[in-house]
Amino acid sequence: MAQSPLKKILIIAGLMLVLVVPLLMIQAKINERQQRAMLVSAQISDQYGGEQTLSGPVILVPQVRPYEVMYTDKETGEPRSRVEARHERVARVPETLAIDGRLRTRTLYRGIYGTPVYRSQLNVEAAFPAGWGEPREPAFRDERDAWLMLRVGDLRGLAERPRLRIGDRTLTLLEPDEIPDSLGGNVLVARLPDDLTGPFTVSVELNLNGSRSLAALPLAKETRMMVRGDWPHPGFTGLLLPAEREVGDEGFMGRWYTNSLAAAGAISCAGDNALCPDSQKALRVELVQPVTGLLSSERALKYSYLIVGLTFAAFFLFEVMRRLPVHPMQYLLVGLALAMFYLLLVALGEHLDFAWAYGLGGVACVGVIGVYLGAVLRSARAGWGFAGAQALVLALIYAILNAEDFALLMGSSLLFVTLATVMVLTRHVDWSAAQTRGR
């Protein structure tokens with residue numbers, strides 16, 4: 001070595017800091033593409049139908065509640081009270097709620113980015129008990145009509161007008177301008193017949209478009225829900241996992257059972273307008289997209305500093321063992337070639353399967369390094385030996401990326417074996433003598 005080992009180590013450390021810049025720029029590019037993918041997904045959802053959450057049906061019972069109002073007498077200045085009446089509607093949940101849903105899924109693309117969407121056929125049956133119209137004490141029933149209300153996540157997803165029936169009677173839905181603002185948006189409301197008394201069962205048929213997920217709030221004393229779909233990668237989240245499930249290449253099936261004791265939080269959260277902002281209170285199935293090329297590239301980029309460090313360590317070891325100096329510019333060019341591998345990986349991963357993108361990018365990177373080092377080290381055998389070692393490291397990193405549960409173990413083992421190899425190969429090196437020659 002023409003320079004002392006300590007000085008060369010400091011130069012190598014400086015070069016690694018320089019290479020942080022292009023690697024961070026590649027990370028920024030990945031973030032930019034991921035944001036673009038999320039934006040496209042949001043745009044598709046806005047135009048096709050967003051994530052759908054079914055809430056209800058519930059009955060809104062009109063009542064008048066007396067309440068005491070405190071005020072100050074203007075003449076005497078003494079505090080007084082009076083009783084006023086407040087007109088309100090309170091929600092009545094059904095005894096039993098049965099939901100049967102079938103999803104037909106596909107992926108909609110805009111450019112190279114896509115998001116999963118579905119068209120659902122939902123059959124809902126809700127059984128209400130006798131006495132559903134009784135007010136809560138101390139309130140009393142007023143003369144307004146009782147309403148049946150059903151809430152969905154995004155009304156734009158309605159493929160056709162929903163059908164609500166009580167026996168052979170079809171209920172007429174109120175138009176949006178007839179629904180009070182206090183109920184919020186995305187609600188379906190129908191007046192119950194004046195002569196309806198006693199227990200009854202309402203059935204609802206919905207053809208609902210949506211994207212990414214379908215969920216239902218268990219607003220009943222007993223809730224049963226079954227959802228089938230042709231998406232091979234479902235994710236079951238929310239309040240409870242399904243009691244029964246089947247997942248295969250042809251699709252999935254999930255079946256949930258719950259009750260008002262287990263779902264008390266959801267019923268309390270929904271309140272009198274059947275609106276619960278907490279997504280964890282619903283029974284939910286998500287259409288999970290397999291790991292995308294961008295996400296895999298981001299994971300691979302986390303190992304870039306390790307690969308560059310191992311490569312520079314190998315060069316330094318070659319200098320020590322063979323006493324053949326390698327110029328810092330040659331270190332830098334090889335490091336830039338490795339950085340280009342990750343840029344190629346991101347670019348190819350948007351159009352090809354990640355395995356193909358990784359393989360093509362690796363072959364290109366290893367080929368360039370092999371040809372270059374064959375000339376730098378004045379030995380084709382040494383140059384391609386380095387390139388082969390580089391290919392082996394890239395292959396090991398690929399294995400680590402595909403072994404999520406064992407990634408830490410495999411990565412730690414790789415570092416340990418590398419350190420042990422360096423220690424064995426340099427056990428007879430006289431570092432003091434190398435330092436003296438460098439001076």
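**Salt bridges, cores and contacts in the predicted model**

A salt bridge joins the side chains of Glu205 and Arg163, with an N to O distance of 2.9 Å. Because Glu205 belongs to strand 10 (residues 200–211) and Arg163 to strand 7 (residues 163–166), the pair ties together parts that are 42 residues apart in sequence. Glu205 is partly exposed, with a relative accessible area of 30%. Arg163 is also partly exposed, at 29% relative accessibility. Both residues belong to a network of salt bridges that links Glu160, Arg163, Arg165 and Glu205. The model in which these pairs occur is a predicted one.

The count of salt bridges comes to 13. Among them is the pair of Asp145 and Arg191, whose side chains meet at 3.6 Å, N to O. This pair links distant parts of the chain, 46 residues apart: Asp145 is in the loop between strand 5 (140–141) and strand 6 (147–151), and Arg191 is in strand 9 (residues 187–191). Asp145 counts as partly exposed at 27% relative accessibility, and Arg191 is partly exposed with a relative accessible area of 40%.

Another salt bridge is formed by Asp195 and Arg169, with the closest N and O atoms 3.1 Å apart. Asp195 is placed in the loop between strand 9 and strand 10, and Arg169 in strand 8 (residues 169–171), so this pair ties together parts that are 26 residues apart in sequence. Asp195 has a relative accessible area of 55% and is therefore exposed, the cut-off for this class being over 50%. Arg169, with 36%, is partly exposed.

Strand 10 also holds Thr201. This residue is partly exposed, at 38% relative accessibility. Leaving aside neighbours within four places in sequence, Thr201 is in contact with Ala126, Ala127, Arg165, Ile166 and Gly167. The C-alpha atoms of Thr201 and Glu125 are separated by 6.7 Å, although the two residues are 76 residues apart along the chain.

Two residues of helix 1 were examined in turn. Ile44 lies in this helix and is buried, with a relative accessible area of 5%. Apart from neighbours within four places in sequence, the contacts of Ile44 are Gly49, Leu108, Tyr109, Arg110, Thr115 and Val117. The C-alpha atoms of Ile44 and Pro116 are 9.4 Å apart in space, and the two residues are 72 residues apart in sequence. Ser41 is likewise in helix 1 and is buried, its relative accessible area being 11%. Ser41 is in contact with Thr115 and Arg212, again leaving aside neighbours within four places in sequence. Thr115 is thus a contact of both Ile44 and Ser41.

In soluble globular proteins, nonpolar side chains tend to be buried together. The largest nonpolar core in this model has 53 residues, of which Tyr331, Tyr342, Leu345, Tyr358, Leu373, Leu377 and Ile397 touch the most other members. Two or more residues of this core are given by each of helix 1 (5–48), strand 4 (113–128), helix 3 (293–301), helix 4 (304–322), helix 5, helix 6 (354–376), helix 7 (380–401) and helix 8 (407–425). Helix 5 supplies the largest share of this core, 10 residues. Not counting residues up to four places away in sequence, Leu377 touches Phe318, Leu324, Val326, Ala382, Gly383 and Phe386. Another core, of 42 residues, lies apart from the largest one and has Leu188, Val202, Met225 and Trp256 among its members.

Nonpolar residues also occur at the surface, where Met329, Leu333 and Leu336 make a patch of about 250 Å². Leu333 lies in helix 5 (residues 328–349) and counts as partly exposed, at 39% relative accessibility.

The mean pLDDT of the protein chain is 82, and 92% of the residues reach 70 or more. Among the elements of the chain, strand 12 (residues 222–229) has the highest mean pLDDT, 93, and helix 9 (residues 431–438) the lowest, 54. Where pLDDT is low, the predicted coordinates should not be read in detail.

Methods. Residues are numbered from 1 along each chain as its sequence is written. This is a predicted model: local features need pLDDT of at least 70, side-chain atom pairs count only at pLDDT 80 or more; totals for chains, interfaces and linings use all residues. Side-chain values use heavy atoms; hydrogens and water are left out. Patches are made of residues with over 30% relative accessible area and no salt bridge: like charges are joined within 9 Å, nonpolar side chains (Val, Leu, Ile, Met, Phe, Trp, Tyr) within 5 Å. Accessible areas come from the Shrake-Rupley method with a 1.4 Å probe; for residues, only the protein chains shown count as cover. A salt bridge is a side-chain nitrogen of Lys or Arg within 4 Å of a carboxyl oxygen of Asp or Glu. Helices (H or I, at least four residues) and strands (E, at least two) are DSSP runs, numbered from the N terminus. Buried means under 20% relative accessible area, exposed over 50%, partly exposed in between (1.4 Å probe, protein chains only). A nonpolar core is a set of buried Ala, Val, Leu, Ile, Met, Phe, Trp, Tyr and Cys residues joined through side-chain atoms within 4.5 Å. Contact means heavy atoms within 4.5 Å. pLDDT is the predictor's confidence in each residue, from 0 to 100.
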